[in-house]
Amino acid sequence: FPRDLSTEQVLFTARRHVSNGRVPDVTHLVYVDPARYEQLERPDDMRAVGRAVGRLNSLLPRRRFLLLGPGRWGSRGDLRLGVSVTYSDISNTSMLIEIARAKGRYVPDLSFGTHFFQDLVEAGIRYLPLYPDDPGIVFHRDFLTQSPNQLAALLPEYADLGEVLRVIDVAGATGGKVVQVRMNADANAAVAMFREPNSAIETPAARPLEPSADEHSRWRLDMAARIAYLVDAERHGVKGIYVTGNANRGTAGPQDPLELIVHVAGDAAQRHELELWLRGFGAALAETSLMRTGCSVERFLAVHYVTDEDVALHAGHAAAIGAATDTARQLPLRRA
């Protein structure tokens, strides 16, 4: 992982939710400008952006371009949350990047690739969330917005979207360079850099980054918070979700499961549906963990269900809820 890069050598950096991976020799960037996209007034114009991205997906060199856009790629409901595309519209990219730009004190919620998770994993397409307004982050917006835009030349029928959708020929804009991406999950760090084609990074500056002591716990806590946010509490009869075990203590290793206590009050049908949903989420997390660390965890998500009676009696795993020591951490649920 390269360090000691100058700002001029960097397109962007990231320090949140980073998996392991590398993307060599990117020749093109497809950038949907978050501010310009938000200013589009008509849903038809937003859908046109998605259609144009789909056309570019079939025109640009396969696995040689990055897709960067606001919020949630694949959004179906509120189009302002992100560009409405299907997997077939992005299937040839080498990397899918979601940008969360702060709006005052509000930071948009990202999908973390969940609209296309299995497809991305099977195709080897990398995913990365970018938070350009975080302290210490580099985000070269001027390069993305001021480099020559190839959209009109490639898709003349979409030339009117040129202020929103930009296609950048990296070599043309940099005098022959490409973009290379390196992602280090242990250090929770990623960098996209301008380099000569096929150039290696094995230099004295390419020292390994030291992983954070609590990285595995922190990532598990992030994923637990994501589960609590995404679960339909009313539909599944969920009254509370808590983190327990080593992730809660900050001592989790790469092979430790993510342990949750789920307080349920629904009927048997609701419980069954909830179990299926969590089982699927656990399988996705196990695959992501394997990609991040190389360690296989057979049962990554360990869920302990408790009832109102268990909580009232502090029985079983419910004893950790509100305990004096080693207290289970309660997670906020999203309310309708």
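So, strand β4: F65, L67 and G69 point one way from it, while L66, L68 and P70 point the other way. That fits a general pattern, since in a regular strand the side chains alternate between the two faces of the sheet. And keep in mind, everyone, that we're looking at a predicted model.

Now, how many residues of β4 are buried? Six of its six, so to speak the strand is mostly covered.

Who are the neighbours? On one hand there's β3, which runs parallel to β4 and is joined to it by four bridges. In that pairing, L29 stands opposite L66. Then there's β5, residues 95–99, also parallel to β4, this time over five bridges. Here L68 has I97 as its bridge partner.

Okay, zooming out to the cores. The largest nonpolar core has 30 residues, and Y37 and W73 make the most contacts inside it. Our strand β4 is one of the elements giving it two or more residues, along with β3, α2 and β7. Which element gives the largest share? That's α2, with six residues. There's also a second, separate core of 28 residues, and V264, L285, A286 and V297 are among them. As a general point, nonpolar side chains in soluble globular proteins tend to be buried together.

Last stop, empty space. The count comes to one cavity of 30 Å³ or more, and the largest cavity holds about 30 Å³. Its lining is H216, W219, R220, P254, S289, R292 and T293. By class, that's two nonpolar, three polar and two charged residues. Helices α7 and α10 each supply at least two residues of that lining.

How values were computed. Residues are numbered from 1 along each chain as its sequence is written. This is a predicted model: local features need pLDDT of at least 70, side-chain atom pairs count only at pLDDT 80 or more; totals for chains, interfaces and linings use all residues. Side-chain values use heavy atoms; hydrogens and water are left out. A nonpolar core is a set of buried Ala, Val, Leu, Ile, Met, Phe, Trp, Tyr and Cys residues joined through side-chain atoms within 4.5 Å. Buried means under 20% relative accessible area, exposed over 50%, partly exposed in between (1.4 Å probe, protein chains only). On a 1 Å grid over the protein atoms alone, a cavity is a set of points where a 1.4 Å probe fits but cannot get out, and a pocket is an open set with protein on both sides within 12 Å along at least five of seven lines; lining residues have an atom within 4 Å of a point. Grid points are joined across faces, edges and corners, and a volume is the space filled by probe spheres set on the points. Ala, Val, Leu, Ile, Met, Phe, Trp, Tyr, Cys and Pro count as nonpolar, Asp, Glu, Lys and Arg as charged, and the others, Gly among them, as polar. Two strands pair if DSSP finds at least two bridges between them.
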